[in-house]
Amino acid sequence: MQTPLQLVRQNLANVASILGVLPVCLLFGSTGEMYLFPLIIFCNVMDDLDGILAKLLNIGSEFGARLDNVCDAISHSVILMFVGMAFGSICTTAALIAVAVVILRSVSRLDPATKPGTGSPTNELVRHVFFILLLSEQFAFDASPYLIVAFALNAITMILPWKLRFMIRGLTKSAVAIGLVNVALLVAWLVPNTLLFLAAAFIGTYLYSFGWALLSHFRPTVHSEPQ
């Protein structure tokens, strides 16, 4: 029988997953908008932290992996719907389509036999929304058309059966590198002079990965003629 300390240690990753979703309730308050950016950063951190804890403490489990997917689906869906509804009916519709794909992707990953590492993760879309909103504030433009494009494009890439190889978060493997990705989000929010560069890095590598995947899949194979 496990001691209380062992039980807590065994479930630290699961606790991180649950803590990543609970604070999104702040968005439902009258001042919910002021919490949006810190919540996106917090959810991103907790989404990474549960995986890091599971690996470092060797406490990964099938239940934990499923819980992570469910918690991500809830937090990301709430954030996307909140943002979409703030920018009119067309943006709301695009956001709801993206949310539907988030749910489909998350449910498909509840099956242990599902091939991992294909398509773009749901938190990639949340990061794009984060950067678009920050850029619209800094440069005073209407974010809605860019959000609609982000919702639509990510809805496609989230269900792709191909690997998107060059996205920044996908290339980070160590705990230190993953931590730096989250620090980059915080810096983008707090240090405006870095925003354009960081947004270009994250969104640019996503677009490059998508283009590379399309070209790799549809590029005709050249067969040599028999002599």
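Student: Hi! In this structure, are Asp48 and Arg169 buried or exposed?

Tutor: Glad you asked! This is a predicted model, in which local features need pLDDT of at least 70 and side-chain atom pairs count only at pLDDT 80 or more, while totals for chains, interfaces and linings use all residues. Numbering runs from 1 along each chain as its sequence is written, and side-chain values use heavy atoms, without hydrogens or water. With a 1.4 Å probe on protein chains only, under 20% relative accessible area is buried, over 50% exposed, and in between partly exposed; Asp48 and Arg169 are both buried.

Student: What kind of link do the side chains of Asp48 and Arg169 form?

Tutor: The N and O of this pair, Asp48 and Arg169, lie 2.9 Å apart. The cut-off to compare with is a side-chain nitrogen of Lys or Arg within 4 Å of a carboxyl oxygen of Asp or Glu. By that rule, Asp48 and Arg169 form a salt bridge.

Student: How many residues apart in sequence are the parts that Asp48 and Arg169 tie together?

Tutor: Helices are DSSP runs (H or I, at least four residues) and strands too (E, at least two), numbered from the N terminus. Asp48 sits in helix H3 (residues 36-56), whereas Arg169 belongs to helix H8 (residues 168-171). The pair therefore ties together parts whose separation in sequence is 121 residues.

Student: Which residue forms a salt bridge with Glu62?

Tutor: The partner sits four residues away from Glu62 in helix H4 (residues 62-85), about one helical turn. Glu62 is partly exposed, at 46% relative accessible area, and Arg66 is partly exposed too, at 35%. With 2.9 Å between the closest N and O atoms, the residue paired with Glu62 is Arg66.

Student: And which residue meets Arg127 in a salt bridge?

Tutor: Look along helix H6 (residues 122-139), where Arg127 and its partner, Glu124, are three residues apart, about one turn of the helix. Arg127 counts as buried at 1% relative accessibility, and Glu124 counts as buried at 2%. The N to O distance is 2.8 Å, and the partner of Arg127 is Glu124.

Student: How many salt bridges does that make by this rule?

Tutor: We have met Asp48 with Arg169, Glu62 with Arg66, and Arg127 with Glu124. By this rule, the salt bridges come to three.

Student: Now for the nonpolar side: which element gives the most to the largest nonpolar core?

Tutor: A nonpolar core is a set of buried Ala, Val, Leu, Ile, Met, Phe, Trp, Tyr and Cys residues joined through side-chain atoms within 4.5 Å. The largest one here has 46 residues, and Phe130, Phe131, Leu147 and Phe151 have the most contacts inside it. At least two of its residues come from each of H3, H4, helix H5 (88-108), H6, helix H7 (144-157), helix H9 (175-190) and helix H10 (192-218). With nine residues, the element giving the most is H6.

Student: How many residues make up the second, separate core?

Tutor: Its members include Leu160, Leu164, Tyr206 and Ala213. The size of this second core is seven residues.

Student: Back to Phe151: leaving out residues up to four places away in sequence, which residues does it touch?

Tutor: Here contact means heavy atoms within 4.5 Å. Phe151 is among the residues with the most contacts inside the largest nonpolar core. Beyond its sequence neighbours, Phe151 touches Leu80, Val83, Gly84, Cys91, Ala94, Ala95, Ala98, Leu125 and Val129.
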